[in-house]
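Work through the exercises below with the structure open beside you, and try each task before you read its solution.

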Amino acid sequence: MSLAVEALGEAALRLELPPCLEPRAVLERLRSLAGVRDVVVAERHAAVTFDPLGPLPKLEGIFDGQWAVGTERAARLHTVSVRYDGPDLERVAAFAKATVEEVVRLHEERVYTVRVVGFLPGFAYLGEVDPRIAAPRLETPRVRVPAGAVGIAGSRTGIYPFVSPGGWNLIGTAIDFAPFDAESGAVFRLGDQVRFVRG
Amino acid sequence: MADRALQIMQAVGPAWIQDGGREGLLHQGIPPGGALVPELLAQANRAIGNRWDAPAIELYGSLDVMASGGAVRLSVGGEVHFLRAGERLQIPASGTERVRYLAAGGGFDVPIRLGARGTLPVASLGGYEGRALGGGDRLALAEDEDGPDERLPSLETGSRLRFVPGPDSARFDPLARERLSSEPFRIDLSSNRVGTRLEGPPLPRLDSDAGISMPMVRGAIQVPAAGLPIVLGPDHPTTGGYPLIGVVIRADQGLLASLQPGTTVRFAPVEAEDARSIWREHAARWGLVPALR
């Protein structure tokens, strides 16, 4: 399998991920390579960073054959209580041609997988959202989304860890939950699973 | 020497603790952070014998400080001051520099958060209580190791900012790549630690959608649909949907960030391999060796 690898500046390489690879396995595989300092796994690409004064990581054939790696941390299942009181519930209901109650039910009945960790510290893109409620992001993002806001943008749902600008449809507020911790970092990691429960 | 501290009497404009940054956490959505202009951090620190990346105050405006609990050696940029306990130093706003660093002998003793002591404002993480400094704040100082002082060179302005082209070059009209390498751009007022916005001729793209999230790094030149580029800074989002026409080389990232809004800049493409050689020389000249962790 020949990988498309390109320079991302002089201290990083970006590669296109072959389809159907499990993101957590990709992260661990890339982190295990000699010379790799850090890794970002996004929807269809990953990047590895390295010391520009050191050897370049070798990426040829890394996803060929048997390459399962041990993982540092077992995948976790998180349950987050949500108060479904977001300002965009009606908007998502209109998109779904359904009631707000049905939107809530469709959001909370799935178990989501962490697909990408990025954008903000601890921000996890969770998938897959039920297509009926997969409303596209707002045309004009809000200047200020409160910390703990639960949102939907297309097939992804997630929790804003801090006050920030944001374009997702806000459907609720996470209760007693912070996606980012100053001591241990991001709470949701690639491959973890998340359920929402109305609280 | 117990209890030496620097008391903040007043801060006008942002001022926060920054150090060399926290590399290696992109996979948790945490950007590398660190000083907006590492070379100037090094200059301030080395002038009083600190490690180049000791925690210092990244200062955008004016600051009024007082030494407390003992004598304190300070450097503002390369300019050294000696304050006896109770003595004050008033640093007026600079008319010419976008940012300056105030270093104290020993460095500021703030808690380590996720491997480093700098401030990540969006997460209210690190530095002094995760926030900008204000009157009444008392910054403890670490032991002054009294290392040899070193005068570092000034940043050389006026030369082109170099970038490694790609990785999304194919998503741009060839005119875009020509423009980036030949036209002048102006630094926009809205620039900050997240990114430097540029005004100038738009860089036309071949598609207009925001697209899927892709990995991002400091220096990445992202181009939204309207065509005005943004160069990502130390507190950049670790993923983003805008295509990248290039990545500013490390040796020029601090230089770009040091320029005041309104300054005109020009860019020039270089190969990644050449950028690595440039960095080798630049890092040696400035002593920007990564701290052993």
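**Exercise 1.** Find what share of the residues of chain A count as buried, and describe the overall build of this chain.

*Solution.* Begin with the cut-off, since a residue counts as buried when its relative accessible area is under 20%. In this predicted model, 53% of the 199 residues of chain A meet that condition. Next, take the secondary structure, which in chain A consists of 3 helices and 15 strands. The radius of gyration of chain A is 18 Å, close to the 16 Å that the globule rule gives for 199 residues, and the chain is therefore as compact as a globular protein of that length. Along the principal axes, the C-alpha atoms of chain A fill a box of roughly 55 × 35 × 30 Å. Finally, consider the contacts in chain A between residues at least 6 apart in sequence, of which 61% join residues at least 24 apart.

**Exercise 2.** Determine how helices α2 and α3 of chain A are placed relative to each other, and which residues meet.

*Solution.* Two packed helices are described by the angle between their axes and the distance between the axes. For α2(A), residues 89-96, and α3(A), residues 100-108, the axes come within 8 Å and cross at roughly 90°. Because angles of 65 to 115 degrees count as roughly perpendicular, α2(A) is roughly perpendicular to α3(A). On the α2(A) side, L89(A), E90(A), V92(A) and A93(A) take part, and they meet V100(A), V103(A) and V104(A) of α3(A).

**Exercise 3.** Work out the strand order of the 5-stranded open sheet in chain B, and explain which strands stand at its edges.

*Solution.* Reading across the sheet, the order is β2-β3-β8-β5-β6 in chain B, and the pairing is antiparallel. The strands β2 (15-18) and β6 (79-83) of chain B each have a single partner strand, so one side of each is left without a neighbour in the sheet. From one strand to the next, the twist averages 25°. Now look at one edge, where β2(B) pairs with β3(B), residues 56-59, in the antiparallel sense over 4 bridges. Within this pair, I17(B) has I57(B) in β3(B) as its bridge partner.

**Exercise 4.** Establish where helix α1 of chain B lies on the strands, and how many of its residues are buried.

*Solution.* Helix α1(B), residues 38-46, lies across β2, β3, β5 and β8 of chain B, and runs at about 30° to β8(B). Counting its residues shows that 9 of 9 are buried, including L40(B), L41(B) and R46(B). The cover over these buried residues includes the strands β2, β3, β5 and β8, together with the helices α3 (250-258) and α4 (272-286) of chain B.

Technical notes. Residues are numbered from 1 along each chain as its sequence is written. Chains are lettered from A and ligands numbered from 1 in the order in which they are written. This is a predicted model: local features need pLDDT of at least 70, side-chain atom pairs count only at pLDDT 80 or more; totals for chains, interfaces and linings use all residues. Side-chain values use heavy atoms; hydrogens and water are left out. Two strands pair if DSSP finds at least two bridges between them. Helices (H or I, at least four residues) and strands (E, at least two) are DSSP runs, numbered from the N terminus. Axes are lines fitted to C-alpha atoms, for helices over the stretch in contact, and angles run from 0 to 180 degrees between N-to-C directions. Contact means heavy atoms within 4.5 Å. The radius of gyration is taken over C-alpha atoms; the globule rule is 2.2 Å times the number of residues to the power 0.38. Buried means under 20% relative accessible area, exposed over 50%, partly exposed in between (1.4 Å probe, protein chains only). Angles under 35 degrees count as roughly parallel, over 145 as roughly antiparallel, 65 to 115 as roughly perpendicular and the rest as oblique.
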